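Q: I have a model open here and would like to talk through how its parts fit together. Could we take it piece by piece?

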Amino acid sequence: MVPGGYTHVSASSLNKSIMQHFFPPNPCPVALQPPAFVKLEEKDEVDATEVSLALRKCSNNSAPGPDQVPYGVWKGVHTVNRHVIPKLINHLLSWSIHQPSLKDSLGILLPKPAKGDYNAFASYRVIALMQTFSKIAKRIINQRLIKFAKLNGLYLLRQTGSLPQRATFDAGISLRHWVQEAQAAGLKASTIFLDIKGGFDNVDHSTLLRRLQTKNVPKYMVKWISNFISY
């Protein structure tokens, strides 16, 4: 079975079709800006404790990206010298860059189970194996954004995904509670589930950055995110 059928005359043709289907170009890409130094305040500098928390959630069994450096190596580096990783990440944030070498990733095409037609692209999913150091930096920024959003009331109280101590289980319990609450009042309850395909892949980058700026997200984070998502 071949994704997209047997119409490809070469591996190069198949690769092109796979890239076009799973990695379509963003309709509104952000232009890459030259590095601009932003002096970090002391409170904004990444410290060893923050790195330790990020590494704690990184499994040694996770497959590495193109650099083939597993998380165990970075954990070893951090154990020997707790200043190395924070200093490297602070340089990235100070210069508002996430260099191209760190953006490289390996895309692995996996067949979904129990699909009838494995010639269809919909019968496959892609997992991206990023550089492990890149994922460490991304995890730290992500945790900072979550903390900022919580302190500034930027997410709904009912939101359960992508937040600490809130998971799909909490969403299920909440839904069950609301249904039982409606039934106890003699009402009928209905639920609509929406599966938004490729939602994150089609986010308008310019709108994202504009939203971050209007919500007063720290400048160094906005500029780093801009570089991270740019081509």
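Q: What do the buried residues of helix 4 pack against?
A: This is a predicted model, and in it the buried residues of helix 4 pack against helix 2, helix 3, helix 5 (100–103), helix 6 and helix 9.

Q: And which residues of helix 4 are buried?
A: In helix 4 the buried residues are Ile85, Pro86, Ile89, Asn90, Leu92, Leu93 and Ser94.

Q: What does serine 96 do just after helix 4?
A: Serine 96, which comes just after helix 4, takes a positive phi of about 55°.

Q: Let me step back for a moment. How many helices and strands does the protein have?
A: There are 9 helices and 2 strands in the protein, and from the N terminus on the elements run α-α-α-α-α-β-β-α-α-α-α.

Q: What are the overall dimensions along the principal axes?
A: The C-alpha trace spans about 60 × 55 × 35 Å along the principal axes of the protein. Of the 231 residues in the protein, 28% are buried.

Q: What share of the contacts comes from residues 24 or more positions apart?
A: If one takes the contacts in the protein with a separation of 6 or more, residues 24 or more positions apart account for 67% of them.

Q: Back to the packing, then. How do helix 2 and helix 3 cross?
A: The axes of helix 2 (residues 48–56) and helix 3 (residues 71–80) cross at roughly 150° and come within 11 Å. Because angles over 145 degrees count as roughly antiparallel, helix 2 is described as roughly antiparallel to helix 3. Their crossing is left-handed.

Q: Which residues make that contact?
A: From helix 2 the contact is made by Ala48, Val51, Ser52 and Leu55, and from helix 3 by Trp74, Lys75 and His78. By class, the residues in the contact of helix 2 with helix 3 divide into 4 nonpolar, 2 polar and 1 charged.

Q: Which residues of helix 2 are buried?
A: Ala48, Val51, Ala54 and Leu55 are the ones buried in helix 2. They lie on the same side of helix 2, because they cover an arc of only 120° around the axis. What covers these buried residues includes helix 3, helix 4 (84–94) and helix 6.

Q: Moving on to helix 6, how does it pack with helix 9?
A: Helix 6 (residues 132–151) and helix 9 (residues 219–229) pack at an angle of about 140°, and their axes are 12 Å apart. That angle makes helix 6 oblique to helix 9. Helix 6 passes helix 9 in a left-handed crossing.

Q: Which side chains should I look at there, that is, which residues of helix 6 meet helix 9?
A: On the helix 6 side they are Ser134, Lys138, Ile141, Arg144 and Leu145, and these meet Tyr220, Met221, Trp224, Ile225 and Phe228 in helix 9. Sorted by class, the contact of helix 6 with helix 9 has 7 nonpolar, 1 polar and 2 charged residues.

Q: Serine 134 catches my eye; is it buried or exposed?
A: Serine 134, whose place is in helix 6, is buried, since its relative accessible area is 0% and under 20% counts as buried.

Q: What does serine 134 touch?
A: Not counting residues up to four places away in sequence, serine 134 touches His98, Leu102 and Phe228. Phe228 is also one of the helix 9 residues in the contact with helix 6.

Technical notes: Residues numbered from 1 in each chain as written. Predicted model: local features only at pLDDT ≥ 70, side-chain atom pairs only at ≥ 80, totals over all residues. Heavy atoms only, no water. Axes fitted to C-alpha atoms, helices over the stretch in contact; angles between N-to-C directions. Helix = DSSP H or I, 4+ residues; strand = E, 2+ residues; numbered from the N terminus. Parallel < 35°, antiparallel > 145°, perpendicular 65-115°, else oblique. Left-handed = near helix turned anticlockwise from the far one by under 90°. Contact = heavy atoms within 4.5 Å. Nonpolar A, V, L, I, M, F, W, Y, C, P; charged D, E, K, R; others polar. Buried < 20%, exposed > 50% of the residue type's maximum accessible area, 1.4 Å probe, protein only. Arc of directions from axis to C-beta.
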